[in-house]
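Me: I would like to go through this structure term by term, asking each time what earns a residue its label. Please set each value against its definition before you conclude.

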Amino acid sequence: MFPEPPTSGPPAPDTPPDSSRLGHSPVPPWALATIILVSALLVFSCCFCLYRKRRRRSGKKIQAQAQVHLQEVKELGRSYIDKVQPEVEELEPAPSGPGSQVAEKQELGRLQYSLDYDFQSGQLLVGILQAEGLAALDLGGSSDPYVRVYLLPDKRRRHETKVHRQTLNPHFGENFAFKVPYVELGGRVLVMAVYDFDRFSRNDAIGEVRVPMSSVDLGRPVLAWRELQAAPREEQEKLGDICFSLRYVPTAGKLTVIVLEAKNLKKMDVGGLSDPYVKVHLLQGGKKVRKKKTTIKKNTLNPYYNEAFSFEVPCDQVQKVQVELTVLDYDKLGKNEAIGRVAVGAAAGGAGLRHWADMLASPRRPIAQWHSLRPPDRARPLPAP
């Protein structure tokens with residue numbers, strides 16, 4: 001009547017497996033690889049999205065900064081264009097009248113000099129002793145005078161005294177010698193021109209003394225004072241022209257100078273030609289900080305270069321730099337002689353400032369222009385501080 005108790009024995013075959021056995025079952029390798037690959041794709045996708053988002057933000061920021069730099073440079077260029085003044089050579093001579101007569105009567109000062117002739121060596125000895133009452137050409141009411149001495153008609157062989165700083169009564173005490181036969185001396189004219197030295201621009205003529213040697217008795221030494229006369233405007237020697245382009249990229253802080261060509265250069269060689277090349281200097285604060293140069297073109301007065309040179313100039317420094325191009329004649333045996341030079345920059349005037357202003361007003365565009373070469377500055381001792 002009562003059910004029989006269950007008997008012990010092996011479990012039924014359809015009994016579910018023990019959970020401890022499931023924990024030890026192996027995972028297939030393809031499943032592990034799939035999980036790792038999916039995880040890596042998810043991480044890569046998140047990183048890529050974050051990178052693109054950050055890049056868009058930085059791109060917008062750089063673009064905004066670039067627009068600001070471009071606008072600043074354009075406005076700077078326009079402001080320079082308003083300041084451009086014509087070169088001295090471009091101005092027409094002032095008409096003669098009562099005003100000009102007053103200017104001619106202005107007292108320029110006087111110069112003391114000495115003359116003697118050494119018959120043994122065949123030399124004219126010129127002493128530049130002192131000057132007094134010179135005209136003040138500097139803003140501070142003074143001048144930095146020096147004297148240039150030469151014998152016409154030869155202007156190339158000339159001597160210069162040292163520069164005396166901030167004085168209208170300099171004591172020079174310097175002597176110079178010109179080797180010239182006595183028989184030829186009568187046809188010469190001694191010129192002693194007093195200049196006001198300027199470190200950053202053209203030196204201004206204060207006045208000059210001209211002594212026809214035919215009127216001087218050189219049988220004994222001569223010591224004399226003479227009043228300075230207004231120096232006549234000299235007709236500038238034609239040295240040639242040079243064409244180059246300027247390009248400035250404010251965002252990259254890059255200034256590119258392309259030397260294109262030159263024409264009608266001065267003849268420097270005996271054969272009536274030259275071997276010209278161009279040196280390009282970047283100046284900052286009046287000092288040369290970078291230098292480049294073109295290749296040498298043989299036997300020509302009309303060289304073609306088309307050579308580009310780049311300089312790093314940050315946007316905040318573009319007002320403080322200047323570019324100077326000097327054309328030189330290459331000499332294989334002697335010293336390379338300068339034919340002429342051109343300077344462009346914010347501190348330049350006339351065509352040099354005009355070219356610089358046009359470049360800044362049109363950033364990223366090359367602006368080409370022809371310039372007339374000017375005489376290279378002669379080396380001269382700087383005034384003592």
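Reply: A good place to begin is a pair of charged residues, since Arg341 is buried and Glu324 is buried too. This is a predicted model, in which local features need pLDDT of at least 70 and side-chain atom pairs count only at pLDDT 80 or more, whereas totals for chains, interfaces and linings use all residues. Residues are numbered from 1 along each chain as its sequence is written, and side-chain values use heavy atoms, with hydrogens and water left out.

Me: Why is Arg341 called buried?

Reply: Buried means under 20% relative accessible area, exposed means over 50%, and partly exposed lies in between (1.4 Å probe, protein chains only). Arg341 has a relative accessible area of 17% and is therefore buried, and Glu324, with 12%, is buried as well.

Me: What makes the pairing of Arg341 and Glu324 a salt bridge?

Reply: A salt bridge requires a side-chain nitrogen of Lys or Arg within 4 Å of a carboxyl oxygen of Asp or Glu. The side chains of Arg341 and Glu324 meet at 2.9 Å, N to O, so the pair satisfies that definition. Arg341 lies in strand S15 and Glu324 in strand S14, 17 residues apart, which links distant parts of the chain; strands (E, at least two residues) and helices (H or I, at least four) are DSSP runs numbered from the N terminus.

Me: How do you know that Lys288 belongs with these two residues in one network?

Reply: Glu324 also forms a salt bridge with Lys288, at 4.0 Å from N to O, and Lys288 is in strand S12 (residues 287–293), 36 residues from Glu324. Salt bridges that share partners thus join Lys288, Glu324 and Arg341 into one network.

Me: Why are the partners Arg110 and Glu132 called partly exposed?

Reply: Arg110 has a relative accessible area of 28%, and Glu132 likewise stands at 28%, so both values fall between the two cut-offs. Their closest N and O atoms are 2.6 Å apart, in one of the 5 salt bridges found in the whole structure.

Me: What makes a set of residues a nonpolar core?

Reply: The members must be buried Ala, Val, Leu, Ile, Met, Phe, Trp, Tyr or Cys residues joined through side-chain atoms within 4.5 Å. The largest such core has 31 residues, of which Ile242, Val280, Val323, Leu325 and Trp356 touch the most other members. Among the elements that give two or more residues to this core are strand S9 (241–249), strand S14 (321–329) and helix H5 (351–361). A second, separate core of 29 residues includes Leu185, Met192, Val209 and Met213.

Me: How do you know that H5 is largely enclosed by the rest of the structure?

Reply: In H5, 9 of the 11 residues are buried, so the helix is largely enclosed; Leu353, Trp356 and Leu360 are among the buried residues.

Me: Which side chains of S13 point to the buried face?

Reply: Tyr305, Glu307, Phe309 and Phe311 point to one face of S13 and are buried, while Tyr304, Asn306, Ala308, Ser310 and Glu312 point to the other and are not.

Me: What makes S10 and S13 a strand pair?

Reply: Two strands pair if DSSP finds at least two bridges between them. Because 7 bridges join S10 to S13, the two strands meet that requirement, and they run antiparallel. Within this pairing, Thr256 stands opposite Ser310 in S13.
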